[in-house]
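Dear colleague,

I am passing on the structure we talked about, and below it I have written out what I found. Please keep it open while you read, so that you can look up each residue as it comes up.

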Amino acid sequence: MDTEMVKKAKKLLGEMTLDEKIGMIHGAQLFETEGVPRLGIPPLKMSDGPMGVRHEFEGDQWKTVGYSDDYVTYLPCNSALAATWNRNLSWETGCVLGEEARGRGKDVILAPGINIKRSPLCGRNFEYFSEDPYLTGELAVPFIRGVQSFDVAACLKHFAVNNQETERLWVDVEIEEQVLRAIYLPAFHKAVAKGGVLAVMGAYNKLWGEHCCESRFLLDKILREEWDYDGAVISDWGAVHDTDRAARCSLDVEMSVTSDFNAYCMADPLKEKVLSGEISESVVDEKVIRILVLMMRLHMLDGRRKSGSYNTEVHRRKVLEAARESVVLLKNEKDRLPLQRENLKNVLLIGENADRLHADGGGSAEIKALYEISPLMGLKSRLGGNVRVDYARGYCSSEEFGENDREGNGQEPHNWQETSLEDGGSRLTKKEAEGSLLKEKRRKLRQEAVELAKCFDTVIYIGGLDHSHDCEGNDRENMKLPNEQDDLIQELLEVRPDMIVVMIGGSPVEMGAWIDKTDTLVWGWYAGMEGGNAMAEVLLGETVPSGKLPETFYKTHLDCSAHALGEFPGDKKVSYKEGLYVGYRYNDTYSVEPQFCFGHGLSYTTFEYSALQIKKEEKRICFRIKNTGKTAGKETAQLYIRRKKKDWPLQELIGFEKVFLETGEEKEVVMNIETDTAGCEILVGGSSRDIRLRCEG
Ligand code: BGC
């Protein structure tokens, strides 16, 4: 910590009463602590989250203020960002979030979420980057730096092993320490060491019987002692349960979802313990000093702070760039894509996600988007009046049948977060509604879509998931496509085998029912306000796809190790028995064929790899990539290591580089190697299963 800052903080502290100190270490509103106005100390203002700066809530209830001034730029979700494999885009996106957070007057933005995707069923996977610690860390670092370049603290969440939503407040994670350190902690470590993150959010769950926000092992030993972290630690909302434990570990701020702010563990209960001498006041002082230093680092006390801005044109351009590179072309066997614009006469889009907007869902990641371009709008606005673009819904979700109605009890609408401390409290509905009315409606929609599909030259299916499935507080039961989409897609492919299939979602879905019958498949995520434009550009070839899967797309969730070898979601206790074998580490070692492997993603052009050389002394490798196709494009070359160790995953990602190549162009790619490769094999390729070059390390 900067000694000057600590000196100043101590001076301020010396002038503060116990009440004033206590006011700074717990929520005094849902997203704010208390300031000390007489000393010029402002409250600490926080906001979610990863997909943009969340709208304003009233201070003491989960009721949106409802003004018109909190619409913001809607960013691609972290899974989308990870699919770009582009560090620069992660930095740019972080900058947008930081500048908007400042523009909205925030001090801490509760992002990025960097938990490892242990299971494809975790409801918050869309908020996280990847199943791989290296990819996660590499993208989190520039994101954090981007945010913090605007005098706003990023708040890294959720520390740690917060890998499921079921029983999220109470689930106790059993894991070997070696696995914790090899898979679940490295991205957090990198974010601290290289990203210089200024705030960390403790997770809801327990680790080895202790709640993460009260864990001396996680917060004191790992974070403070081993990693030398001197930033602030903020609890997740309602994650603190015990005054003594929370006070005695290096948690700095307690936040929660209830409005009895003085009853929080680190409010009156802590004050009483200090007054009775049970807990020393110095415990409180340490926390206050860290918060004051954070405020100084953000220039909150010296009047030299950046002002930020939101909804700028530059922000919209940047989120479009990220959205473009997030689209993953999974299959293009007959080169149906890109569509030849000049030949298009009439196009039919089928499926709710062609027309559906996603910004205001998902849990705490919800935002009020200034606008959101749907794929339908993206395509229509591009193709203009001479091409007929029609839309058929094809299926409907159960929401409109009332089963999911969270606000339909005649009372004032409140936010889901009010009940978010109950297990599955934010969940819309446990099971898909099976009512006969719904079935009948879907049958009709299906029939209508199939009939229409026969009459159009070009048919594009745009379905997948939405935030009633990719949602905080809620894990999926399996990877099946909801709303009877499997039946619909199969029926459509029978009459239109040339149909282009587009899936939108934050996590993979089962495709077994129809995957062999389709030759063209595109994956899009919740890609922000410009998502529909990005998708249209890719379909029409204005953008050459360059996204690659940041996670394994399993055939079913049973092909994922957490389900095959470990446990998910467990019963109050969950044992990570699969150990190091997370994601592709399991599938590759145990030869379990995925639907699409980690790192997979096609382009409209082709690339050739050659001339791999390892320069051991310089700790780097170099090789060449040539664009051998007919269009310019970007390729993400991936570097894997095979350690040839017993009881160790077959291969692990240790590097990647994204390069742009004109047609026929060839470039040398150089990658630094941070890992010891002696006795190992080095693999370079376009995905974890498309290895083009290899050498001894
Ligand atoms: C979530 C956090 C979020 C917080 C504040 C919690 O329910 O787990 O990710 O930042 O609420 O909204």
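Is Lys-157 buried or exposed? In this model, which is predicted, Lys-157 has a relative accessibility of 1%, and because buried means under 20%, Lys-157 counts as buried. Lys-157 belongs to strand E5, which covers residues 153-159. If neighbours within four places in sequence are left aside, the contacts of Lys-157 include Asp-48, Arg-124, Glu-127 and Gly-113, and also Pro-50, Leu-110, Pro-112, Ile-114, Asn-115, Phe-188 and Met-201.

One of those partners, Gly-113, is worth following a little further. Gly-113 sits in the loop that runs between strand E4 (108-109) and helix H5 (133-148), and with a relative accessibility of 0% Gly-113 also counts as buried. Which residues does Gly-113 touch, once neighbours within four places in sequence are left aside? They are Asn-78, Glu-127, Tyr-128, Phe-129 and Lys-157, and Glu-127 appears among the contacts of Lys-157 as well. If you would like a distance to check in your viewer, the C-alpha atoms of Gly-113 and Ser-259 are 25 Å apart in space, while the two residues are 146 residues apart in sequence.

The next topic is the ligand. It is surrounded by 15 residues, and the closest of them are Asp-48, Arg-124, Asp-236, Gln-417 and Glu-472; of these, Asp-48 and Arg-124 are also in contact with Lys-157. An N or O atom in the side chain of Asp-236 lies 2.7 Å from an oxygen atom of the ligand, and for the side chain of Gln-417 the distance from such an atom to a ligand oxygen is 2.7 Å. Tyr-204 has a polar side-chain atom 3.1 Å from an oxygen atom of the ligand. Taken alone, the ligand would expose 310 Å², and the protein buries 100% of that area. The space that the ligand takes up is the second largest cavity.

Finally, please look at helix H16, which spans residues 531-540 and is mostly covered, with ten of its ten residues buried. Among these buried residues are Gly-531, Asn-533, Met-535, Glu-537 and Leu-540. Against which elements do the buried residues of H16 pack? They pack against two helices, H12 (313-326) and H13 (375-383), and against the strands E14 (458-464), E15 (500-504) and E16 (520-524). After H16 comes Gly-541, whose phi is positive, near 80°.

With best wishes

How values were computed
Residues are numbered from 1 along each chain as its sequence is written. This is a predicted model: local features need pLDDT of at least 70, side-chain atom pairs count only at pLDDT 80 or more; totals for chains, interfaces and linings use all residues. Side-chain values use heavy atoms; hydrogens and water are left out. Buried means under 20% relative accessible area, exposed over 50%, partly exposed in between (1.4 Å probe, protein chains only). Helices (H or I, at least four residues) and strands (E, at least two) are DSSP runs, numbered from the N terminus. Contact means heavy atoms within 4.5 Å. A residue is near a molecule or strand if one of its heavy atoms lies within 4 Å of it. A polar contact is a pair of N or O atoms within 3.5 Å; within protein, one must be able to donate a hydrogen and the other to accept it, and residues adjacent in sequence count only if both atoms are side-chain atoms. Accessible areas come from the Shrake-Rupley method with a 1.4 Å probe; for residues, only the protein chains shown count as cover. On a 1 Å grid over the protein atoms alone, a cavity is a set of points where a 1.4 Å probe fits but cannot get out, and a pocket is an open set with protein on both sides within 12 Å along at least five of seven lines; lining residues have an atom within 4 Å of a point. A molecule sits in a cavity or pocket if more than half of its atoms lie within 2 Å of its grid points.
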